[in-house]
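Biologist: Could you take me through one part of this model in detail? I would like to see how one helix packs against its partners, with a little background on the chain as a whole.

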Amino acid sequence: MHQSTCSLFPVASAFFFTEIKTGAFRKLFSGLVQELWIKWELQGMVMLSLLLQFILVWLGNRRRYQGKNSHYVAILVWSTYLAADWVATVALSALLKVKVKELKRELVVFWTPFLLLHLGGPHTISAYALTDNELWLRYLLGFVIQVGVAIYAFVKFRTSNDTLTYMAIPIFIVGIIKYGERIWVLRAASHKKFSNSVFSSASGDVEKSLDNIRNNGSTSSYLPQTLDEYSMHKNVIEEGKYFHTAFYLYKMYIPLFSDLRLRISRNLREVFMLPHTISAEDAFKIVQIELGFLYDMLYTKTTVLRSIKGIILQIICLLSIFATLIAFSTTVGNHTYRREDICITYLLLGGAIIVDIYSAILCALSDWTMFYLSVPRNNVHKFVGSTIASRLVHYQAKKKGVVSVAQHSLMDYCLKVKTSGWTSILRALDTEDIFGKFCCITWEQVNPNLKNFIHSHLQKNFKRYQNINEEEQGKKIDEKYETFDHELLSSILKEKGDQSIANVMDEFKWSINDVEFSHSILLWHIATFLLFYDDHRRYSSSVLYSYCQISKLLSDYMMYLLLVRPLMLPKGIGEVRIRDTRAEVIRFFGHVKSSLNNNDAASALLYMDNEFALLPIHGKSVLREGCMLASKLKALVEELQWDLEEKWEMIANVWMEMLAFAASKCRWKHHATQLRHGGELLTHVALLMAHLGLTENIRIVPQPSTEGQSLKWDWEELSHMSYYLV
């Protein structure tokens, strides 16, 4: 019921706007402006609709990449996405309201099917957010209404010019196809449909596998088991090996993003894991390609272009528009159309062709093309595929992997706030200070040191899990048990700094285990900030090792998540603590100074005046606790004779454990949601952990009973995956 009601809103608002605009214009504008509006209203609406399509097709592809402009791109895409549907609907409503006697320009009617085409949207964006996929019924109802309005308007203003009518029919067909594609993609990406598609092939798969084993005596020996062996068996070309690996891992792990669980037979657990010898750079590259496949499925029409039927439909659409363009150019001289109307018609036809060709080029340059080229069918295909793939690899190398990561310093947020009359008005409207939070975001490059550090930490956790498991379960290998030491896995995933401070647990346990997670992030963020600038003031940069930079980068990233992406972190009262801490920082410095640099702020807080320290704590502020933590960390060097590298290595490991903890606790649906903003480092870490089995959504279970036979994985039939879903 809710979806049906929502589906009427764009149409209803368009009709309402059409009804009130005439009266409003008469009251607000002079006769000359009114005359110009009446004359150019439809032309302006149609051209604005075309302009919005160009913006969507360009920025719809840009938003998959994260960087310093990603937030501005997201805002522009959001406003354009909403405006595109509304403008096209308003144009149809305005045309419907015009009386037959008043419409003296025949070409205006010819533009009607182009508005349907625009409502279908470009291939680079089908949904702005996951909620759009869930509301596919709303778009279906809108499709029925708007197609009906377009056909009625065209019939209503039909002229004696049969040529124009015949030329409009192909555009109507193209518009209906484009609009229908959008609804089909939205439905396919909806949570319910996706979950059903995962389970739809489950029945009979297990029995089919068991029958094959019974009939053949055993699983065919030539079937490769690991993904690397399968790639070698398929003679995957060198340029496409990452894309081939990423595609099958994407197919295997995609149920996780719908918050489904996987269960994997213990004799197959190595099948789904990345090779232990893989480098950090390659691991992050593969994960990025996987997330690119997922983004295409959730937010674009790429799934249409991947199928044979979809390709045929695109060819039909493109040829139809080309044929209409040729027909119009040959017949336009036989009629007395206005020059400006002819120009607009050419722009509409040319724009439709450009959008389709641009979409086809993007598809040809996509990861999907690299995957299809990766497996040669013959020597000619191998030569052509290698040649094309080598060019595409060079093109795609510029945008692969986690290039940059968002940063947010709490002190910058507290101290670099300007006050004026405008800011007072903005604060009244923006009660959650969203604008202020986004203005303080900066970006840092993700260097190889950080990737190696993250990858190395996850590999160590995997080895801990594997080694301890082998020691404890080694005697039980032949026994039946329901889980694969799930309690041990849970204990590893619950670590949020425990292992890193094991040697000094008594001194720092209170800052990790005795407080909620958001509280812990704030404490260690303040301490890291103070020590970072204090050490840079006291020591030369050459003495400070890479752990220092990694600690600061991860600290500011976790603060960014707490401030801007709180849904990706465990629930808490982080917003309240940040608000009160900010108020206490401002009270400490007496007044906000935009000129106050970080070195001075760190020195002032680290060597806090005793008089201020004795004042009552402001609400849930953690400022003084953070300063106390910084002093204790500083004492490790001054009193316990730690060297700087040891101190910063411990701090970096604490942040890495917090990052892994947050990645394991974040719902996979939230990870998928953030792909529309370019994806988060947290999502890459979560998927890397999943590839190592370090997630509670994957359980290792005993192999299925097959009368003594071992059931092997067949990559040729991925539908078997449904058997391993819990």
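Modeller: Happy to; here is a look at helix H3 and two of the helices it packs against, after some background. Please keep in mind that this is a predicted model.

The chain has 726 residues, and 55% of them count as buried. Its secondary structure consists of 33 helices and 4 strands. If you take the contacts with a separation of 6 or more, 83% of them come from residues 24 or more positions apart. The chain exposes about 33700 Å², and 58% of that area is supplied by carbon and sulfur atoms.

Now to H3 itself, which covers residues 70–97. One partner is helix H5, made up of residues 112–120. The axes of H3 and H5 lie 9 Å apart, and the packing angle is about 155°. An angle over 145 degrees counts as roughly antiparallel, and H3 and H5 are therefore roughly antiparallel to each other. Their crossing is left-handed. On the H3 side, the contact uses Asp85, Ala88, Thr89, Ala91, Leu92 and Leu95, while H5 brings Thr112, Leu115 and Leu119. Sorted by class, this contact holds 6 nonpolar, 2 polar and 1 charged residues.

The other partner is helix H7, residues 136–156. Here too the axes are 9 Å apart, but the angle between H3 and H7 is about 35°. H3 passes H7 in a left-handed crossing. From H3, the residues involved are Tyr81, Asp85, Thr89, Leu92, Leu95 and Leu96. They meet Tyr139, Gln146, Val149, Ala150, Tyr152, Ala153 and Lys156 in H7. The class count for this contact is 9 nonpolar, 2 polar and 2 charged.

If you set the two lists side by side, some H3 residues turn up in both. Asp85, Thr89, Leu92 and Leu95 take part in the contact with H5, and these residues also meet H7. Ala88 and Ala91 are among the H3 residues listed for H5, whereas Tyr81 and Leu96 are among those listed for H7.

For another spot to inspect in your viewer, try Met505, which is found in helix H24, residues 505–508. Met505 has a relative accessible area of 23%. Buried means under 20%, so Met505 counts as partly exposed. Leaving aside residues up to four places away in sequence, Met505 touches Asp498 and Asn513.

Conventions: Residues are numbered from 1 along each chain as its sequence is written. This is a predicted model: local features need pLDDT of at least 70, side-chain atom pairs count only at pLDDT 80 or more; totals for chains, interfaces and linings use all residues. Side-chain values use heavy atoms; hydrogens and water are left out. Buried means under 20% relative accessible area, exposed over 50%, partly exposed in between (1.4 Å probe, protein chains only). Contact means heavy atoms within 4.5 Å. Accessible areas come from the Shrake-Rupley method with a 1.4 Å probe; for residues, only the protein chains shown count as cover. Axes are lines fitted to C-alpha atoms, for helices over the stretch in contact, and angles run from 0 to 180 degrees between N-to-C directions. Angles under 35 degrees count as roughly parallel, over 145 as roughly antiparallel, 65 to 115 as roughly perpendicular and the rest as oblique. A crossing is left-handed if the near helix is turned anticlockwise from the far one by less than a right angle, and right-handed if clockwise. Ala, Val, Leu, Ile, Met, Phe, Trp, Tyr, Cys and Pro count as nonpolar, Asp, Glu, Lys and Arg as charged, and the others, Gly among them, as polar.
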